[in-house]
Amino acid sequence: MTVELQVAQGWLTVCELSALVPGRGVAALLPDGSQAAVFVDRAGRAYAIGNQDPFTGAHVLSRGLVGAAAGRPFVASPLLKQRFDLETGRCLDDEEVTVRTYPVRTAATS
């Protein structure tokens with residue numbers, strides 16, 4: 001199974017699902033030069049958000065700590081610890097701030 005993100009050009013294969021470790025993220029360079037932070041939870045569901053921390057400008061969200069609040073998966077920035085909902089991109093600590101989210105799918109490899 002591969003993890004694919006929907007970008008402007010269509011579906012982009014990022015990596016094998018088995019390469020992702022629950023609770024840890026990986027950074028992916030996208031065709032437009034931006035970065036995505038890709039995560040998988042213990043149930044095998046994949047998520048992708050922008051990798052740039054909007055509070056510092058650093059591309060570090062893939063290195064954040066993954067958790068859940070009120071049943072919602074989030075990643076906490078490794079720098080200032082703001083939490084970002086992995087489904088919506090909304091900052092749980094400042095509702096006026098969001099990061100981009102990417103549609104994600106897993107596909108069987110041929």
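**Reading the cores, rings and a buried charge**

Modeller: Let us begin with V66, bearing in mind that the model is predicted. Setting aside neighbours up to four places away in sequence, V66 is in contact with G23, F39, F74, V75 and L86.

Colleague: Where does V66 lie, and is V66 buried or exposed, or in between?

Modeller: V66 belongs to strand β6. Its relative accessible area is 36%, so V66 is classed as partly exposed. In sequence, V66 and D85 are 19 residues apart, while their C-alpha atoms are 9.9 Å apart in space.

Colleague: How should one read the nonpolar cores, and which residues touch the most other members of the largest one?

Modeller: In soluble globular proteins, nonpolar side chains tend to be buried together. Here the largest nonpolar core has 14 residues, and V3, L5, L20, L30, V38 and Y102 touch the most other members. Strands β1 (2–7), β4 (35–40) and β5 (46–50) each contribute at least two residues to this core. There is also a second, separate core of 11 residues, which includes Y47, I49, L86 and V97.

Colleague: With what is L5 in contact beyond its neighbours within four places in sequence?

Modeller: The contacts of L5, with those neighbours left aside, include G10, W11, L12, V14, L30, A36 and V38. A48, Y102, P103 and V104 are also in contact with L5.

Colleague: How is an aromatic pair described, and how many are counted here?

Modeller: A pair of aromatic rings is described by the distance of the centres and the angle of the planes. In this model the count is 1 aromatic pair. The ring centres of F55 and F84 are 6.3 Å apart and the planes stand at 45 degrees, so the pair is tilted. F55 is in the loop between β5 and β6 (65–69), and F84 is in strand β8 (residues 83–85); the pair therefore ties together parts 29 residues apart in sequence.

Colleague: Are F55 and F84 buried or exposed, or in between?

Modeller: F55 is partly exposed, at a relative accessible area of 31%, whereas F84 is buried, at 0%.

Colleague: Over which ring does the charged end of R83 sit?

Modeller: The charged end of R83 sits over the ring of F74, at 5.5 Å from the ring centre.

Colleague: What is the nearest side chain of opposite charge to D53?

Modeller: That side chain is K81, 9.0 Å away; D53 is buried yet has no salt bridge. D53 is located in the loop between β5 and β6. Not counting residues up to four places away in sequence, D53 touches A58, V60, L61, S77 and L79.

Technical notes
Residues numbered from 1 in each chain as written. Predicted model: local features only at pLDDT ≥ 70, side-chain atom pairs only at ≥ 80, totals over all residues. Heavy atoms only, no water. Core = buried A, V, L, I, M, F, W, Y, C linked by side-chain atoms within 4.5 Å. Buried < 20%, exposed > 50% of the residue type's maximum accessible area, 1.4 Å probe, protein only. Helix = DSSP H or I, 4+ residues; strand = E, 2+ residues; numbered from the N terminus. Contact = heavy atoms within 4.5 Å. Phe/Tyr/Trp six-rings, centres within 6.5 Å; stacked < 30°, edge-to-face > 60°. Lys NZ or Arg CZ within 6 Å of the ring centre and 35° of its normal. Lys, Arg positive; Asp, Glu negative; His and termini not counted. Salt bridge = Lys/Arg side-chain N within 4 Å of Asp/Glu carboxyl O.
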